[in-house]
Amino acid sequence: MTTYVWSRLSPFVRALPRSSLCRGGVRPCGLVGQRKVFMSSFATAEVCDAHPSHLATGDLRALAPVFKIYGQCRAFSGPVVTLKVFEDNVLVRDRLESKGEGRVLVIDGGGSMRCALVGGNLGQLAQNNGWAGIVVNGCIRDVDEINGCDIGVRALASHPQKSNKRGVGEKNVPVHIGGTLIHDGEWLYADSDGILVSTTELSL
């Protein structure tokens, strides 16, 4: 198992509660098969400072600060899998039932505030199948359950009502979230400061 020396981690990571660190810190977050996944530490602020040219060209974009933080993993990253739905989470479950392999599911729910697209059962499913995190342009529910899951979740708000079950939506399509266009296969980096999307994996 990978061992980390706490004093050698970045000041950003050391400042966070040790219980909250994963996939961007010292605690493993998620499973790939039966293997815990570790990634090097990062801070989105430091990523921005280190890549001004990427920001200038749009190869690195910051999402608007409209997302609330849920889940045990306050810092997470991974390749993006996109999904576009509206008040219908059948395809969300379908995606999370597949192996996550450290990826991040980005759901464009049209910003709906009328029902939840992700609940506690799906949060647990995402954890068990090795997803690094979920970003929802919409609502979640079962907040206490999701906050107990070993994944990172971002959403606009919480809502107690469940979504429809029609199975309507689009997979692996460009989605417009947080003021930026996000493509399937890009990389997402999230921590307490915000969310970044990069056209390629960054050297951190």
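Two strands are taken to pair when DSSP finds at least two bridges between them. With that in mind, a good place to enter this predicted model is strand β8, where several such pairings come together.

Strand β8 covers residues 133-140, and eight of its eight residues are buried, so the strand is largely enclosed by the rest of the structure. Its pairing with strand β9 (residues 152-158) is parallel and runs over six bridges. Within this pairing, Val135 has Arg154 of β9 as its bridge partner. Strand β6 (residues 104-108) also runs parallel to β8, and five bridges join the two. Here Val104 stands opposite Gly133 of β8. Strand β7 (residues 116-118) is likewise parallel to β8, with two bridges between them; Ala116 of β7 finds its bridge partner in Cys139 of β8.

The same strands reappear when the nonpolar side chains are followed. The largest nonpolar core has 23 residues, and Val92, Leu96, Ile107 and Val118 are those with the most contacts inside it. At least two residues of this core come from each of β5 (76-84), α4 (90-96), β6, β7, α5 (120-128), β8 and β9. Ile107 gives a helpful view of these surroundings: leaving aside residues up to four places away in sequence, Ile107 touches Leu83, Val85, Val92, Leu117, Val118, Ile134, Val135, Val136, Asn137 and Ile177. A second core, separate from this one, has 17 residues, among them Phe76, Ala132, Ile182 and Ile195.

Attention can now turn to the aromatic rings. Two aromatic pairs are found in a search of the whole structure. One of them is formed by Phe42 and Tyr189, whose rings are arranged edge-to-face, with 5.8 Å from centre to centre and 80° between the planes. This pair links distant parts of the chain, as its members are 147 residues apart: Phe42 belongs to the loop between β2 (35-36) and α2 (44-50), and Tyr189 to strand β13 (residues 187-191).

Are these two rings buried or exposed? The cut-off for a buried residue is a relative accessible area under 20%. Phe42 has a relative accessibility of 3%, and therefore counts as buried. Tyr189 has a relative accessible area of 1%, so this residue is buried too. Trp187 completes the picture, forming one aromatic cluster with Phe42 and Tyr189.

Terms used:
Residues are numbered from 1 along each chain as its sequence is written. This is a predicted model: local features need pLDDT of at least 70, side-chain atom pairs count only at pLDDT 80 or more; totals for chains, interfaces and linings use all residues. Side-chain values use heavy atoms; hydrogens and water are left out. Buried means under 20% relative accessible area, exposed over 50%, partly exposed in between (1.4 Å probe, protein chains only). Helices (H or I, at least four residues) and strands (E, at least two) are DSSP runs, numbered from the N terminus. A nonpolar core is a set of buried Ala, Val, Leu, Ile, Met, Phe, Trp, Tyr and Cys residues joined through side-chain atoms within 4.5 Å. Contact means heavy atoms within 4.5 Å. Rings of Phe, Tyr and Trp (its six-membered ring) pair if their centres lie within 6.5 Å; planes under 30 degrees apart count as stacked, over 60 as edge-to-face and the rest as tilted.
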